[in-house]
Amino acid sequence: MDVQTAYAVPAAVPQNARSLQRSVALPARRRIPPVSGYALEKLGHAIEYLTDEYIHEGCFGGLQSPRVEAIQLLMAANRGVYFECPVVPPLGDRIRSFFHLH
């Protein structure tokens, strides 16, 4: 299985306004360990470098060029590293959890 397939982010289109409210969630905070932070930093630099190089050369090859595929592959790996980091529950959830257990 390739990286792009493994870390594809599904797109959902709600049918009405009520389902839109339920589908829009607050962004989750994540606890990023040092090793993951280092990987995200290096992947980000690689993506930025390839993108700058691609633009500097006049976007030669269009969207089907190997360079664009490399950028997309790095972006998929970046998302994969990020989404593997644990989610930090919001403060309200932690407080409710504390009082329900004690």
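Student: Does Arg 67 count as buried, exposed or something in between?

Tutor: This is a predicted model, in which local features need pLDDT (the predictor's confidence in each residue, from 0 to 100) of at least 70 and side-chain atom pairs count only at pLDDT 80 or more, while totals for chains, interfaces and linings use all residues. Residues are numbered from 1 along each chain as its sequence is written, and side-chain values use heavy atoms, with hydrogens and water left out. Buried means under 20% relative accessible area and exposed means over 50%, with partly exposed in between (1.4 Å probe, protein chains only). Because its relative accessibility is 24%, Arg 67 counts as partly exposed.

Student: With which residue does Arg 67 form a salt bridge whose closest N and O atoms are 2.9 Å apart?

Tutor: A salt bridge here is a side-chain nitrogen of Lys or Arg within 4 Å of a carboxyl oxygen of Asp or Glu. The partner at 2.9 Å is Glu 57, and since this residue lies in the loop between helix 3 and helix 4 while Arg 67 lies in helix 4, the pair ties together parts that are 10 residues apart in sequence. With a relative accessible area of 46%, the partly exposed partner is Glu 57.

Student: How many residues apart in sequence are the parts that Glu 53 and Arg 67 tie together?

Tutor: Glu 53 also forms a salt bridge with Arg 67, and the closest N and O atoms are 3.4 Å apart. Helix 3 (residues 34-56) holds Glu 53 and helix 4 holds Arg 67, so the parts that the pair ties together are separated in sequence by 14 residues.

Student: Which residues of helix 5 meet in a salt bridge, and which network arises from salt bridges that share partners?

Tutor: The side chains of Asp 93 and Arg 96 meet in a salt bridge at 2.5 Å, N to O. These two residues are 3 apart in helix 5 (residues 91-101), which means that about one helical turn separates Asp 93 and Arg 96. Salt bridges that share partners, on the other hand, form one network that joins Glu 53, Glu 57 and Arg 67.

Student: Which residues does Asn 78 contact beyond its neighbours in sequence?

Tutor: Asn 78 has its place in helix 4, where helices (H or I, at least four residues) and strands (E, at least two) are DSSP runs numbered from the N terminus. Its relative accessible area is 19%, so Asn 78 is buried. Contact means heavy atoms within 4.5 Å, and leaving aside neighbours within four places in sequence, Asn 78 is in contact with Leu 40, Leu 43, Gly 44 and Ile 47.

Student: How far apart are the end C-alpha atoms of helix 4?

Tutor: The expected span of a helix is 1.5 Å times one less than its number of residues. The 18 residues of helix 4 (residues 66-83) should therefore span 26 Å, and this agrees with the distance between its end C-alpha atoms, which is 26 Å.

Student: Over which residues does pLDDT stay under 50?

Tutor: The protein chain has a mean pLDDT of 79, and 74% of its residues reach 70 or more. Where pLDDT is low, the predicted coordinates should not be read in detail. That caution bears on the stretch where pLDDT stays under 50, for which the model has 17 contacts beyond four places in sequence, namely residues 1-23.
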